[in-house]
Amino acid sequence: MKQVVSREWIEKCWTTGRRAEEKEFPAKPLAGLVVSATGLSFKERAAVEKLCVKLGASFMATLTRGASHLIAGAPNGPKYDFAVRNHIRVLRPKWLYACEAKGSFVDESEFEINEPNLHQEISALFLDSCYVFLAEVTPIEERYLLRKLRAGGATRSPRLTEQTSHVVVGAQFNPSEEALERYREVAKYGTRFVMSQWLESCLSAKMNVPVDGFEVELVRHEKTQDSGKRQRRPTHVMDDMVPTSDIFRGLRIGVQHEEDAALVVRGGGKVIRYDSDSLAFDGVPTHVVLDHGSQKLAAQGTCVSRKWLSSCLMVNSLLPVDSNRLYSPITSKLPIAKMDQMNITVSGFYMKTPDGFPLRGSLAALIRLLGAKFSERMARKSTTQLICESASGDKYARARDWGIPCLSVDWLYSCADHGQIVETLPFIVRTETSG
């Protein structure tokens, strides 16, 4: 008869170099599961929490997408709605006691709590993977669009970041030059700028429809005094711009794009033009702004990205180029071959980068730049790698149980540096006891 053991048995064998006694490491029935509860009395809730720990599961007071099961007293309430919307199993407390009595995992099907009408309603939330920012909308448009977002299950983004999936613009969308710079920056990381008609089309088709035909052009228009018609602003607008900061004072920064030149001027620096093919400069630069994927490095000056320029202006300070991987241009060809087959999730990395944003957001942007798909939620069937800050946490435990490689962030950086998907073995994150 085969002995069922916990993963600690494998780690013990690995560290000691010999086969450990199986009976010392019996597998707990619910090891690796993450459980929360709702609709229970204080006494029932305490009993459920104690039983979860006894059976090897992790118990969380606040329900998040990282949970695997919700123990509920009734099919109602915010936690219940959240669980159904995010495909978390909702079970009666009797399931836990059945697992305890049997001493092993019991099939959940006969303990499920279902409410057909709610399930039917939640299944229609076809935009639940969308993180949407509303740009330059009137109060009336905002109320209208929020109803549309809720109807499709989308999440409203309170501010524009690299993790925003869509930006829905108002009917009178005509951003300032400063706003355009920010919009163009996030657009490089895969954020799509669309008209409100895209939302209406999604609701009509009851699906997340392609954005083709709904995207807006990121340019500024000005009305003429005679006709009132919109005209595109001239390409070169540097002559009438004035510095708003002096953080780039004394720096000579090589640029090839007008939006980069605008950032340099705002920071009080000197703009030096260069040809993208030959990298020939009009003068001697201290810094050179290069696009990600340019596959070239300038022989003169420190190579930086547009994100470095915008981040310096954001915090009004000259930031170290090596303080964020995206401050330096990725010189490999992008996207990386076969990276589009990867679906990568991140665990941890909430520490803030010098520009005030969590490192997690920069990693999401880097993953998209390399050509992979970034997902906040880890899924057993679709997630291909988990980038871990440490060998701990619910995601890490579930990834190991599911056989998903748990890698350090250096794997992403190495892929970016080499321009290809590198071997994962040197980057596997392990606990201290597992070597």
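Trainee: How many bridges join strand β11 to strand β12, and do they run parallel or antiparallel?

Mentor: This is a predicted model. In it, four bridges join β11, residues 252–255, to β12, residues 270–273, and the two strands run parallel.

Trainee: What is the bridge partner of Gly254 in β12?

Mentor: Ile272 is the partner of Gly254.

Trainee: And which helix makes a β-α-β unit with β11 and β12?

Mentor: That is α9, residues 258–266. The unit made by β11, α9 and β12 is right-handed.

Trainee: Changing topic to the backbone. Which peptide bond is cis?

Mentor: The bond from Leu334 to Pro335 is cis, with omega near -5 degrees. Pro335 sits in the loop between α10 (306–315) and β15 (343–347).

Trainee: What about Asn316, where does that lie?

Mentor: Asn316 is also placed in the loop between α10 and β15. Its phi is near 55 degrees, a positive value in a residue other than glycine.

Trainee: Why note the sign of phi?

Mentor: Because most residues other than glycine have a negative phi.

Trainee: What is phi for Glu136, and where is that residue?

Mentor: Phi of Glu136 is near 50 degrees, again positive in a residue that is not glycine. Glu136 belongs to the loop between β5 (131–135) and α6 (139–152).

Trainee: Why does Glu136 count as partly exposed?

Mentor: Because its relative accessibility is 35%, and partly exposed covers the range between the 20% and 50% cut-offs.

Trainee: And what is the relative accessible area of Asn316?

Mentor: It is 47%, so Asn316 is partly exposed.

Notes:
Residues numbered from 1 in each chain as written. Predicted model: local features only at pLDDT ≥ 70, side-chain atom pairs only at ≥ 80, totals over all residues. Heavy atoms only, no water. Buried < 20%, exposed > 50% of the residue type's maximum accessible area, 1.4 Å probe, protein only. Pairing = 2+ DSSP bridges. Right-handed = clockwise from strand over helix to strand, strands pointing away.
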